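Here are a few short exercises to help you find your way around a new structure. Take a look at it first, then work through each task and its solution.

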Amino acid sequence: MPELPEVETTRSGIEPHILNQAISGIVVRQPKLRWWVPETELLALVGQRVKHVARRGKYLLLEADAGTILIHLGMSGSLRVISDQREPLKHDHVDILFGHGKLLRYTDPRRFGAILWQPPGQIHERISRLGPEPLSDEFDVDCLRQQCKGRSVTIKQLIMNSHVVVGVGNIYANEALFHAGIDPRRPAGRISAKRLTLLVEAIKSILMAAIQQGGTTLKDFVDSNGQPGYFQQSLSVYGRGGKPCRNCSRPLKEVRLGQRSTVFCNYCQR
DNA sequence: AGACAAGCCTGTCCGC
DNA sequence: TGCGGACAGGCTTGTC
């Protein structure tokens, strides 16, 4: 499941292949993603060059003069640059063809992802009300305190809310809370500023480390299998319910918060 | 075989 | 009554 580090790695991986390249065609084989793929609007980009390859939260933005394509990878989506006309497989839903012969292929078995259209000068509804980027200076302890104030929702659910901060999915929410020593079940409004500072730092450092790792494991975006490698990184708690805490060796506890699996150390996290 | 996992949007309900 | 917050439900399919 792509979280922010993987989306950023995808962005930096495809950028050198498609930046300033002219789009020569767009093929939609399966328009039924999370939302219907706006094929007609997308075709406005044929003949145009990609001027920016950006990211906002977990959305990738391919910007041209006539508009911007927004791509969300959902939980099983991936993008690859293909250098020959190999046969599309079952879950290869969309191709963006380029004049230099390469193509960008969108694959998504579960179709939780999305491809959206943003007209020039507009900001799509899906990204217009997102919270700050976790790695930006805008996301600091004051920002998080403001969001926590008076909220009874658990801190884990709060940091996973994209209106609070973008890009923190289940894996990194679990990991960040472990590193900050905060019990994920704790109501957001009842955490000291000091501990929220630790949480902000944990979120930033874990995401940065994951991006660096993604960068080394995923650097070849042409003709690669596209399988992300960051899962293999040593995670402290995610997927380790019942296993010993890496800090105190007591068994990690697993509960469900907001219908999500939540793993933590009942002793180290308060 | 059937439960489960995931991101994240939408709808509903609750209390102030 | 209106509003935000909390939370359940739904989408999908590969994997266990």
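## Exercises around Arg 151

Arg 151 sits in the loop that links α4 (141-148) with α5 (155-159). Keep in mind that this is a predicted model.

**Exercise 1.** Decide whether Arg 151 is buried, partly exposed or exposed, and find what it touches.

*Solution.* Start with the relative accessibility of Arg 151, which is 32%. Partly exposed covers the range between under 20% and over 50%, so Arg 151 counts as partly exposed. Next, leave out residues up to four places away in sequence: Arg 151 then touches Leu 158, Asn 161, Pro 187, Ala 188 and Gly 189. Finally, turn to the DNA: a polar side-chain atom of Arg 151 is 2.7 Å from a phosphate oxygen of DNA strand C.

**Exercise 2.** Work out whether the residues of the UniProt "binding site" annotation gather at one spot or not.

*Solution.* The unreviewed UniProt entry lists His 91, Arg 110 and Arg 151 under this annotation. They span 61 residues in sequence, and their farthest two C-alpha atoms are 40.7 Å apart, so they do not all gather at one spot. Even so, His 91, Arg 110 and Arg 151 are each among the residues surrounding DNA strand C.

**Exercise 3.** Describe the surroundings of DNA strand C.

*Solution.* First sort the nearby residues by class: six are charged, three polar and three nonpolar. Then look at the strand itself: sugar and phosphate make up 58% of its atoms that come within 4 Å of the protein. Last, pick out polar contacts: Arg 111 has a polar side-chain atom 2.5 Å from a phosphate oxygen, while one of Arg 34 lies 3.2 Å from a base nitrogen.

Conventions. Residues numbered from 1 in each chain as written. Chains lettered and ligands numbered in written order. Predicted model: local features only at pLDDT ≥ 70, side-chain atom pairs only at ≥ 80, totals over all residues. Heavy atoms only, no water. UniProt positions renumbered as here; feature names shortened; annotations may be inferred. Helix = DSSP H or I, 4+ residues; strand = E, 2+ residues; numbered from the N terminus. Buried < 20%, exposed > 50% of the residue type's maximum accessible area, 1.4 Å probe, protein only. Contact = heavy atoms within 4.5 Å. Near = heavy atom within 4 Å. Polar contact = N/O pair within 3.5 Å; in protein donor to acceptor, adjacent residues only side chain to side chain. Nonpolar A, V, L, I, M, F, W, Y, C, P; charged D, E, K, R; others polar.
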